[in-house]
Amino acid sequence: MPSSVVPRTTAISAVIAAALAAGLLAGTADASEALATPARIHDIQGTTRTSPLVGQQVTEVPGIVTGVRTYGSKGFWFQDPQADADPATSEGIFVYTGSAPTVAVGDQVLVAGTVGEYVPGGTSSGNQSLTQIAKPTVTVVSSGNELPAPVTVSARSVPSAYTPDGDPAAGGSINGLTLQPRAYALDYYESLEGSNIRIGSSRIVGATDPYAELWVTVKPFENPSPRGGSIYGSYTAQNTGRLQIQSLTPLAQQPFPKANAGDVLAGTTEGPLDFNQFGGYTLTARTLGTVRDRGLEREQTRPQRKGELAVATYNVENLDPSDPQEKFDALAKAVVENLASPDILALEEIQDNNGAKNDGTVTADQTVKKFTDAIVAAGGPAYEWRSVDPQNNKDGGEPGGNIRQVFLFNPERVSFTDRAGGDATAATGVVAERGKAALTLSPGRIDPANTAWDNSRKPLAGEFTFHGRTVFVIANHFGSKGGDESLVSHHQPPNRSSEGKRLLQAQAVNTFVKDILKADRRADVLVLGDINDFEFSATTEALTDGGALYPAIKSLPRWERYSYVYQGNSQVLDQILTSPSICDFSYDSVHVNAEFADQNSDHDPQVLRFRP
């Protein structure tokens with residue numbers, strides 16, 4: 001990884017400094033308002049997630065420096081070598097200095113300062129807080145001391161239960177509950193917040209990202225996928241062994257290793273346990289293990305057989321003509337070699353002709369032409385395409401980018417039925433013609449005036465013909481999960497505020513599918529795209545209401561159901577759903593991106609083959 005890449009902590013350091021200056025960190029207080037109190041670190045940490053000394057001045061807090069961070073949120077961790085007998089109280093803590101610390105690992109120090117609870121991402125994020133000492137005065141007593149022995153975090157030490165339920169009297173928060181580190185994984189990690197920990201050789205379940213971090217699991221048998229990930233198969237299968245890894249060594253001195261899911265972080269990784277906005281509990285490595293490459297390869301699906309129609313969906317992640325040709329070529333190669341040139345391909349996140357330039361441009365013909373030309377150059381078919389341009393800045397996504405769904409289709413295999421009149425605000429409908437269903441507009445948008453689609457992508461419906469039989473395809477890109485609380489939220493279960501919008505969107509699409517089936521109960525309908533929700537979610541349940549659709553990814557074994565990797569959890573976001581007439585099909589989630597450090601998109605494409 002290039003040395004110019006900086007971990008995410010750098011991006012928030014200015015925010016932390018500003019918050020400190022403004023007194024916005026929970027529990028800060030002016031030194032004149034309280035008498036300084038001698039304390040040990042376990043007194044400060046206490047037995048819950050928040051300090052009993054929050055807002056107070058402490059002095060003569062003893063310990064040995066176990067880690068120093070000179071970038072991002074600058075400061076150091078120190079730990080009391082004289083632990084108490086309570087497993088709920090951590091013996092380590094972070095000291096926020098705001099500038100490069102002058103201490104070194106192994107220094108014995110006495111620290112005075114203000115105890116605070118810093119909430120990464122702000123209180124509206126729902127994140128737990130990080131107990132820390134700010135505005136410190138540090139006295140170095142001696143140097144070169146032996147570090148407190150690290151706590152080994154392993155499959156045996158991390159409980160299988162993830163979290164207690166939140167206290168209803170506290171709005172579902174777990175902040176005030178006494179930690180039970182032998183019962184719950186989140187309590188276990190919290191009881192080690194700021195402490196020196198270590199892991200042994202561990203499987204990587206989340207590839208190295210652009211922010212110089214990766215995810216491992218210390219539980220090799222916890223919901224594993226055959227390719228090395230950890231499957232997120234329900235809201236209560238959070239995968240307790242996941243742990244984020246960062247390095248305390250600046251990237252200019254030592255580049256962060258590049259790793260894919262399934263690789264192994266071999267040897268010992270050791271350092272303080274931090275808590276941050278982008279993943280929660282994080283081992284900030286003073287000593288980083290070595291990545292052992294396990295040779296993960298990108299999957300290739302089989303070609304469609306005679307008489308089979310192959311339909312696929314692929315989120316191409318904000319594709320626009322200003323992207324380097326290499327991105328177009330790589331995506332095109334995936335279409336041809338990994339997806340075996342499907343007959344119909346629904347694309348999500350096609351941007352307009354000048355990308356994020358916010359000048360009112362909404363057409364995307366140049367974007368699509370550059371992509372289809374790249375597919376031909378890669379040895380694929382000369383795809384034709386259909387879409388409907390959105391209104392400017394009405395469909396969400398990157399401002400000015402005007403992302404939309406686009407149908408590509410191979411005219412040598414399938415034909416498109418054009419029914420004129422579709423535009424950004426016109427709603428396509430369903431009519432019965434000689435006992436068969438037909439769209440009033442093709443391509444057309446489904447119910448675009450529905451408030452469910454405010455600032456979100458409207459579904460694109462198209463009518464195709466394959467071997468004389470009509471196939472209806474509805475391409476979707478539902479609202480994102482932005483605003484949802486993370487799995488490490490202090491609310492348990494976490495608030496999923498974005499779910500309501502997707503539920504309404506799913507109901508609108510389900511109603512439209514039912515209209516098609518009312519006109520022709522044997523109609524072949526495929527609903528596909530970036531649904532932005534899990535196969536077990538209320539969104540998917542709403543899509544399938546009344547038996548109108550079936551989530552085809554459920555035809556796969558549980559350990560193969562994923563299209564995206566988020567914070568070490570392999571999960572479903574992209575789906576293809578089938579109407580009842582499509583009961584005999586072959587489904588494949590083609591893993592070409594999500595598990596890899598080098599990605600052309602962050603989503604894996606999906607493909608379904610059937611005989612109409």
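With which residues is Ile245 in contact, leaving aside its neighbours within four places in sequence? In this predicted model, the contacts of Ile245 beyond that window are Ile199, Ala212, Glu213, Leu214, Val216, Phe256, Leu265, Thr269, Thr282, Leu283 and Leu288.

Ile245 belongs to the largest nonpolar core, which comprises 33 residues, and is among those with the most contacts inside it, together with Val153, Tyr189, Ile199, Val216, Leu243 and Tyr281. At least two residues of this core are supplied by each of β4 (92-96), α3 (185-190), β8 (196-199), β10 (214-217), β11 (242-247), β13 (269-276) and β14 (280-285). Helix α3 contributes the largest share, 4 residues. A second core, separate from this one, contains 27 residues, including Leu309, Val388, Leu528 and Phe585.

Aromatic pairs number 16. In one of them, the ring centres of Tyr232 and Phe534 lie 5.3 Å apart with the planes at 75°, so the arrangement is edge-to-face. Tyr232 is located in the loop between β10 and β11, and Phe534 in the loop between β26 (524-530) and α7 (538-543); the pair therefore ties together parts 302 residues apart in sequence. Tyr232 is buried, at 5% relative accessibility, and Phe534 is likewise buried, with a relative accessible area of 5%. Phe416 and Phe464 also form an edge-to-face pair, with centres 4.9 Å apart and planes at 85°. This pair ties strand β20 (residues 415-416) to strand β24 (residues 460-466). Phe416 is buried at 11% relative accessibility, and Phe464 is buried at 0%.

Ring pairs further link Tyr188, Tyr189, Phe275 and Tyr281 into a cluster. Charged groups also lie over aromatic rings: Lys481 is placed over the face of Phe534, 4.1 Å from the ring centre, and the charged end of Arg496 sits over the ring of Tyr235, 3.8 Å from its centre.

Terms used: Residues numbered from 1 in each chain as written. Predicted model: local features only at pLDDT ≥ 70, side-chain atom pairs only at ≥ 80, totals over all residues. Heavy atoms only, no water. Core = buried A, V, L, I, M, F, W, Y, C linked by side-chain atoms within 4.5 Å. Buried < 20%, exposed > 50% of the residue type's maximum accessible area, 1.4 Å probe, protein only. Contact = heavy atoms within 4.5 Å. Phe/Tyr/Trp six-rings, centres within 6.5 Å; stacked < 30°, edge-to-face > 60°. Lys NZ or Arg CZ within 6 Å of the ring centre and 35° of its normal.
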